[in-house]
Amino acid sequence: MAPCKLLSIPPAREGAVLLGRKLWTGLQQHLPCVEMPSGRVLPRLSKVLGLEGDKKSIIKFEFNPKDGIDNPALSLTEDTDGEGVGEPRFYLLSKGSAETFGFCLHEELGCQGHIIRQVELGGLAQRRGLQDGDRLLQVNGHFVDDMDHHRVVQKIKASGNQVLLVVLDSDSYKAAKALGRDLSQTLPADTRPRLCHVMRDKSGFGFSVSAPEGTRGTFQLWVQPGGPAESAGVPAGSWLLELNGASVRSCSHTQLTRKLKQSGSKATLLVASSAAEEFYRLRGLRATAALADTSWLPFKVRELRMAKGPAGYGFLLKEDDCSSGAIGQFLWDVDVGLPAEQAGMKEGDRLLAVNGESIEGLDHQQTVLRIRAHEDRVTLLVIDPAADEFYHSIGLSPLLFLEDNDPASGSHRPSLPSPSGSPGLCHVTVGPKGPGSWLVAAANSIEIAQSSRQEQKRLRQAF
């Protein structure tokens, strides 16, 4: 036999090398001169070994999400279930405000799932290890494989500059689907941190904090039975990660106590069970409020389904400043007995989405066109002022948590319908908007009226 060049595999610090019995047999038969650090033999290619199509022996290359693609961890494993389905991969992507995540999400004819495509060379997604063809399973702890594509895109956009994605490689995804597997069962359960809003009573917040002496950022909560914290959903023995939207990782016990006193009558806690804290820590991931289960919060996004009546929907849409300083679309003059009031619309609600699509970035006219896209019915997502202020205070979009359920009622919010068409474009000249001016879309007429500086200019449009 002609001499051949030895192929050396680096030590296991780059990733464990596990060999199944069948793979080892193939190695001995086909390539006995390829050397491992331990003196054992490893093949150059599965094709050389003749193991192509052998579902019981699978070679997997897994990227280390900490180090990116420059330091891939090589993992050769025997598939224990014999069906060729790999493990989901977790990636926490954090970008600057002027950057992108560096990939596109596709829904393709004849293909199942939400598909990672156009992974930008050298971009954030590629550096972390996302690959073309990967299927997206989770966004910030929400299982999305069976979710409408527009909703999945909306969740990623609403996540802001940081998002936690769970993906499965294309071949494993197809194999799992062919076997009829429930992919949600391949993901660990109960790993999301919990966001809780605690209102102080006469006895306090109803929890105490313990921390190892001389350490920072390690705080375990002891919860008073029947107290405000337990009522707000804080689990006994959980670990405190954030207080009022700010991380406590650098806080001493004294500093945390001071911050709690400064909270006044209410405090928002991000907490995690021991199992959840360990899950993120072992993967080098930071558990943040964007990943949280918010089902215990009193602040909810509401879905309003309306069928247009003879007198219209019965509300005014006004463009005005949000508490954050951005421009928003607000709902006012809700007519008694008309569809808007019957659907649960309240004065001062802010509009978040129309027919399942976020209106973020749309101006007033574009929002009106979205509402009018379907002649006789519309579905609106709205939030009341108190809830809007809460999410602004913790720096998160309420659209992140649209799927969370109410544990008290056990109810589940129904899925929103996908838009069946795009509204046409229309250009309306209304004159310059002065500081603090607003636009108004009303139910039954279109007009531009001159008014005093206090009343400003108004546009009225029929829905």
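In this predicted model, Arg-283 lies over the face of Phe-90, at 5.3 Å from the ring centre. Phe-90 also has aromatic company, for ring pairs link Phe-90, Phe-279 and Tyr-280 into a cluster. A second charge placed over a ring is found at Arg-200, whose charged end sits over the ring of Phe-205, 4.3 Å from its centre.

Two members of that cluster lead to helix α8, which spans residues 274-282. The buried residues of α8 are Ala-276, Phe-279 and Tyr-280. These residues cover an arc of only 85° around the axis, which puts them on the same side of α8. A general rule helps here: an α-helix has 3.6 residues a turn, so residues three or four places apart point the same way. The partners of the buried residues of α8 are strands, namely β3 (89-94), β8 (162-168) and β14 (266-272). Just after the helix comes Gly-284, which takes a positive phi of about 70°.

Tyr-280 deserves a further look. Leaving aside residues up to four places away in sequence, Tyr-280 touches Leu-164, Thr-191, Arg-192, Pro-193, Leu-285, Ala-287 and Leu-291. Within the largest nonpolar core, which has 41 residues, Tyr-280 joins Leu-195, Tyr-391 and Leu-396 as the residues that touch the most other members. Several elements each supply at least two residues of this core, including β3, β8, β14 and α8, along with the helices α5 (170-178) and α11 (385-393). Apart from this core lies another, of 20 residues, among them Val-198, Phe-207, Leu-269 and Val-271.

What of the aromatic rings elsewhere? The count comes to six aromatic pairs. Phe-299 and Phe-390 form one that is stacked, with 4.5 Å centre to centre and 20° between the planes. Phe-299 lies in the loop between α8 and β15 (302-307) and Phe-390 in helix α11, so the pair ties together parts that are 91 residues apart in sequence. Both Phe-299 and Phe-390 are buried. Tyr-313 and Phe-315 form a tilted pair, with 6.4 Å centre to centre and 35° between the planes. Are these two rings' residues buried or exposed? The cut-off for buried is under 20% relative accessible area, so Tyr-313 counts as buried at 1% relative accessibility, and Phe-315 counts as buried at 2%.

Definitions and conventions:
Residues numbered from 1 in each chain as written. Predicted model: local features only at pLDDT ≥ 70, side-chain atom pairs only at ≥ 80, totals over all residues. Heavy atoms only, no water. Buried < 20%, exposed > 50% of the residue type's maximum accessible area, 1.4 Å probe, protein only. Helix = DSSP H or I, 4+ residues; strand = E, 2+ residues; numbered from the N terminus. Arc of directions from axis to C-beta. Contact = heavy atoms within 4.5 Å. Core = buried A, V, L, I, M, F, W, Y, C linked by side-chain atoms within 4.5 Å. Phe/Tyr/Trp six-rings, centres within 6.5 Å; stacked < 30°, edge-to-face > 60°. Lys NZ or Arg CZ within 6 Å of the ring centre and 35° of its normal.
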